[in-house]
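Colleague: Could you take me through the side-chain pairings in this model, with a close look at the aromatic rings? I would like to hear how the charged groups fit in afterwards.

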Amino acid sequence: MTRKTSFSAHFKAKILLPFLLLLPFFVEAQGDMRFFGTATKDNKPLPGATVTVLMDGKQIHQVTTGKNGKFKFTLDINHDYRINFSAPGCVDMYMTLDLHTPPDKAWIYPDYVSDIPFFSAGDPKVKTELFAQKPFIKVIFDGGQGFKDDPTYRFIDEIFKDPMEEQRKKEELARKQAADKARQDSIDLANKMANDALLAQQEADRRRKEEEDKSKNHPANNPPADGNTNVPTMESDEIRLEKEKQEQLAREKQNKTIRAQYENNLLKLVAESEKKTNISKFNKMKDEAMTNSVIEAMRREAEAKAQGTYLIEQQKEKQRQTLANRQIRAEEVSRLIVTVAQIEKTLRVSGMKPVAASEMQNYAPLPNVVVTYEDGFFSDRTSTVFTWPGGKRIIYNVIEFWWGGRYYYREGAEIDQKTYDAEIFRNKRS
């Protein structure tokens with residue numbers, strides 16, 4: 001068995017080795033992203049919108065959307081980008097893209113596809129002032145071979161106004177006014193009750209004074225002018241004290257009644273106020289729950305859309321890689337056919353003659369084996385040719401690509417490694 005390695009192969013290896021060492025830096029500079037966008041407004045294409053691209057703070061592109069609202073451009077990997085969007089009558093917006101990747105991923109060529117919704121400057125459903133403060137989308141590296149919208153950035157939760165916000169403000173104002181009115185009514189009622197109690201006390205004092213005046217003018221309390229003092233004054237004092245006691249009890253009873261009535265009215269007002277407050281809290285919690293459900297539905301819809309876009313891009317990348325592998329494989333098969341033809345030509349020129357078989361015994365001579373090796377840019381190829389006297393010949397080939405793929409062939413037909421190893425071993429010993 002012989003092994004042939006040409007001088008050109010050694011020379012090629014020496015030349016390619018420095019190039020291969022620098023290949024990561026070269027490949028990193030070649031990576032880029034194709035950005036495909038569609039400007040829309042009210043779910044319809046928006047023509048005439050201006051899209052301005054800034055790379056690391058410097059403007060590099062400015063395009064205008066066509067009749068179908070579409071636009072596209074290419075962005076180099078490992079840079080920061082800001083894309084500004086503007087259109088007549090619409091709110092100015094911008095998005096950011098962080099296209100930095102690890103060094104071993106700098107060669108990727110991903111696509112990014114997105115619909116850009118524009119909003120009218122006076123849209124009552126959108127907080128348009130936020131677009132000047134924050135990007136509406138942040139794009140980051142997905143850790144594989146593409147990019148995606150940052151899932152932790154939830155700008156969509158902030159821009160849409162709560163549809164129940166105005167209604168809640170009106171209800172809150174009405175509740176506040178009702179509470180203020182109830183409070184004022186309580187104060188007025190308390191003042192009225194206090195005035196009534198004061199008037200009742202004044203009336204009681206007036207009657208007591210009248211009774212005292214009558215008692216003073218009673219003949220029992222005024223001795224006669226002739227000086228006769230034999231009048232039963234003791235009985236009159238007891239009567240007067242008893243009356244005063246009864247009047248005091250009546251006043252206390254009346255005050256207790258007024259106080260009890262006041263406390264009952266106050267308790268009713270407090271209970272009514274608490275009831276209104278609880279109803280207000282319940283309605284607010286209900287509205288918040290409805291709003292949260294709407295926002296959650298919008299969030300799920302946005303996440304589903306982003307996930308769908310990501311899967312589509314992954315499928316496109318897989319298809320592109322498959323086509324590239326097929327093309328490389330076709331080129332290698334073509335080169336293999338040319339090499340086989342050259343080997344065949346060389347063997348014919350060499351004029352190898354078969355050894356005559358002995359008539360006295362069954363003689364099976366060993367085949368002539370020629371092994372050649374050729375290293376290429378994307379793959380290395382090993383060719384093994386078995387030639388027997390009489391013209392029988394079998395050609396085996398092994399092609400190993402630089403990314404690790406290895407393929408085995410017999411006479412141009414692909415076989416597995418197990419078959420290849422068994423036939424090589426058998427032919428060498430036959």
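Modeller: Happy to; what follows starts with the chain as a whole, then turns to the rings and ends with the charges.

Please keep in mind that this is a predicted model. The chain has 430 residues, of which 27% are buried. Its secondary structure comes to 5 helices and 16 strands. If you take the contacts between residues at least 6 apart in sequence, 60% of them join residues at least 24 apart. The exposed area is about 29200 Å², with carbon and sulfur atoms supplying 56% of that.

Now to the rings you asked about. A search of the whole structure turns up 16 aromatic pairs. One of them is formed by Phe-35 and Phe-71, whose ring centres are 5.9 Å apart with 20° between the planes, a stacked arrangement. Phe-35 belongs to strand E2 (residues 32–41) and Phe-71 to strand E6 (residues 70–76), so this pair ties together parts that are 36 residues apart in sequence. Are these two side chains buried or exposed? Phe-35 has 0% relative accessibility and so counts as buried. Phe-71 is buried too, at a relative accessible area of 6%.

A second pair has another geometry. The ring centres of Phe-131 and Phe-155 lie 5.5 Å apart, and because their planes meet at 70°, the pair is edge-to-face. Here both partners come from loops: Phe-131 sits between strand E9 (111–117) and strand E10 (138–141), while Phe-155 sits between strand E11 (147–149) and helix H2 (156–159), so the pair ties together parts 24 residues apart in sequence. Both Phe-131 and Phe-155 are buried.

Back at the stacked pair, you can follow the rings further. Phe-35 and Phe-71 belong to a cluster linked by ring pairs, together with Phe-73, Phe-85, Tyr-112, Phe-118 and Phe-136.

Rings also meet charges in this model. The charged end of Arg-329 is placed over the ring of Tyr-407, 5.3 Å from its centre. Lys-392 lies over the face of Trp-388, at 4.8 Å from the ring centre.

That brings us to the charged groups themselves. Side chains of opposite charge can pair when their charged atoms come close. The count of salt bridges comes to 16. Two of them are in helix H3. In one, Asp-185 pairs with Lys-181, and the closest N and O atoms are 3.2 Å apart. These partners are 4 residues apart in helix H3 (residues 165–216), so about one helical turn separates them. Asp-185 is partly exposed at 35% relative accessibility, whereas Lys-181 is exposed at 53%.

The other joins Arg-207 and Glu-203, at 3.2 Å from N to O. Again the partners are 4 residues apart in helix H3, so they are separated by about one helical turn. Arg-207 is exposed, with a relative accessible area of 52%, and Glu-203 is partly exposed at 29%.

Further along the chain, Arg-406 and Glu-400 form a salt bridge, at 3.2 Å from N to O. Arg-406 is partly exposed at 43% relative accessibility, and Glu-400 is partly exposed at 32%. Finally, Arg-34, Asp-111, Glu-317 and Arg-320 are joined into one network by salt bridges that share partners.

Conventions
Residues are numbered from 1 along each chain as its sequence is written. This is a predicted model: local features need pLDDT of at least 70, side-chain atom pairs count only at pLDDT 80 or more; totals for chains, interfaces and linings use all residues. Side-chain values use heavy atoms; hydrogens and water are left out. Helices (H or I, at least four residues) and strands (E, at least two) are DSSP runs, numbered from the N terminus. Buried means under 20% relative accessible area, exposed over 50%, partly exposed in between (1.4 Å probe, protein chains only). Contact means heavy atoms within 4.5 Å. Accessible areas come from the Shrake-Rupley method with a 1.4 Å probe; for residues, only the protein chains shown count as cover. Rings of Phe, Tyr and Trp (its six-membered ring) pair if their centres lie within 6.5 Å; planes under 30 degrees apart count as stacked, over 60 as edge-to-face and the rest as tilted. A charge sits over a ring if NZ of Lys or CZ of Arg is within 6 Å of the ring centre and within 35 degrees of the ring normal. A salt bridge is a side-chain nitrogen of Lys or Arg within 4 Å of a carboxyl oxygen of Asp or Glu.
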